[in-house]
Structures are given as structure tokens and as C-alpha cells.
Amino acid sequence: MRRTVRRGSAKPLSELLWNSLPEGAKVRIRVAASARNWESVVGPLLAKRSAPRRIVEGKLLVVAESPAAAQELVMRGARIVKNLEREWNILVSGITVTVGRVPPPPRDGAPPVDRPLGSVPAEEVHAALDVVAEKVERGDVAESLARLMAVYRKRFPGKTGGHSR
């Protein structure tokens, strides 16, 4: 049987994927997109001093670096809600602001920056592996624990990093 496709009836794959997502996933994607463009929602000054986190019970949770920035966000709450609805199609009933550490703004296309645990000499990892290997059957788990022990010992030199039983 041959299918006939009408000209102009095909939809882009991105649209099909978007339509197949559950609504909660769409909201999280929109919130992440608004975080990357937070300046367009709150303005350049507040964007440097705050960041959206997630939606909790219908309200956008925002972290601000100081009580002054938090107060400014609260006073602009209605305008922020309108901007989110108009520009990002994010429907929230209001905003909740907490004071805390504001993460650096996300960069488009860049993966999140992970802080390395630290580098330790291979012989320290092997020494820790000798201790761990006899207690843990899976090799990959034993190796991961040995690396963790070696980093712990390097970071906290006076500690043993393990107990013998």
C-alpha cells in the first residue's frame, strides 16, 4: 500500500518531539531557557544578582544574592510573572524569593562546569584499592571507592579515611 503525503503536511521533527513531551518536562525546559535569558525577564542589574531555580507549588522560586535584591524582586513580582508568561509561556501565580548564593549564569551550548575532586598520585589510589578490594566484590565500585578514599586522605590529611573491622 502506498501512502500519499500532501505537500506542506509534514511537520518538523522538533515539533513532533516537543508535542510528545509531558507538560512538566516542557515547563522545566522553558524555565531553563528563561534562566539562560534571565536578563530579558528582570533586567540587567537584577539578572546579575539573582537566578530562577524551579517552580514550586505554582510559584517561581528565585534566589537573590542579598536582601536588597530579594526585596527588589518581590516588588517587581507582578511584572516578572507577566514577562514569564508573555516571553516564555511560563504560567506561574507569583514568585518566591530566597537569599542565597547565586550560581553563575548558564552559557548556551556549554556543559555545566564540574569541579574536579582533585588529582591524587596513582600510588595513593593503588594503596587505597588494596584496602577496599578485599571488602568490595565489584571491581568498578572498588576502584571508585579507592579514588574517593585517596582524595579524602589528600584533602583531610589527619584523617584515616576508613575504619578496619
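Guide: First, some vocabulary: helices (H or I, at least four residues) and strands (E, at least two) are DSSP runs, numbered from the N terminus. What you're looking at is a predicted model.

Visitor: Okay, where is Glu 57 found?

Guide: In the loop between β1 (50-56) and β2.

Visitor: And what makes Glu 57 count as exposed?

Guide: Its relative accessible area is 80%. The exposed label starts over 50%, so Glu 57 earns it. Its backbone is worth a look too: phi is positive, about 50°, although Glu 57 is not a glycine.

Visitor: Which other residue has a positive phi without being a glycine?

Guide: Asn 89, with phi near 55°. Asn 89 is in the loop between α6 and β3 (94-99).

Visitor: Why is Asn 89 called partly exposed?

Guide: Its relative accessibility is 45%. Buried needs under 20% and exposed needs over 50%, so Asn 89 lands in between.

Visitor: What about Asn 83, buried or exposed?

Guide: Buried: the relative accessible area is 10%, and the cut-off is under 20%. Asn 83 lies in helix α6. Leaving out residues up to four places away in sequence, Asn 83 touches Ser 40, Val 41 and Trp 88.

Visitor: On to charges. Why is the pairing of Glu 23 with Arg 30 called a salt bridge?

Guide: The closest N and O atoms are 3.5 Å apart, and the rule asks for within 4 Å, so the pair qualifies. In general, side chains of opposite charge can pair when their charged atoms come close.

Visitor: How do you know which partner is buried, Glu 23 or Arg 30?

Guide: Compare each with the 20% line. Arg 30 has 13% relative accessibility, so Arg 30 is buried. Glu 23 has 47%, so Glu 23 is partly exposed.

Visitor: What makes Glu 65 and Arg 49 a salt bridge?

Guide: N to O, their side chains come to 3.1 Å, which is within the 4 Å limit. Glu 65 sits in the loop between β2 (59-64) and α5 (67-75), while Arg 49 is in helix α4 (residues 44-49), so this pair ties together parts 16 residues apart in sequence. Glu 65 is partly exposed at 43%, and Arg 49 is partly exposed at 24%.

Visitor: Where do Glu 143 and Arg 147 lie?

Guide: Both are in helix α8 (residues 139-155), 4 residues apart, or about one turn of the helix. They form a salt bridge as well, with the closest N and O atoms 2.4 Å apart. Glu 143 is partly exposed at 37%, and Arg 147 is partly exposed at 42%.

Visitor: How many salt bridges are there by this rule?

Guide: The count comes to 5.

Visitor: Now the inside. Which residues have the most contacts inside the largest nonpolar core?

Guide: Trp 38, Val 41, Val 42, Leu 60, Leu 73, Ile 80 and Leu 84, in a core of 20 residues. At least two core residues come from each of α2 (23-36), α3 (38-42), α4, β2, α5 and α6 (77-88). The largest share, 4 residues, comes from α6.

Visitor: What is Ile 80 in contact with?

Guide: Leaving aside neighbours within four places in sequence, Ile 80 contacts Trp 38, Val 41, Val 42, Leu 73 and Ile 95. Apart from that largest core lies another one, of 9 residues, among them Val 120, Ala 128, Met 149 and Ala 150.

Notes
Residues are numbered from 1 along each chain as its sequence is written. This is a predicted model: local features need pLDDT of at least 70, side-chain atom pairs count only at pLDDT 80 or more; totals for chains, interfaces and linings use all residues. Side-chain values use heavy atoms; hydrogens and water are left out. Buried means under 20% relative accessible area, exposed over 50%, partly exposed in between (1.4 Å probe, protein chains only). A nonpolar core is a set of buried Ala, Val, Leu, Ile, Met, Phe, Trp, Tyr and Cys residues joined through side-chain atoms within 4.5 Å. Contact means heavy atoms within 4.5 Å.
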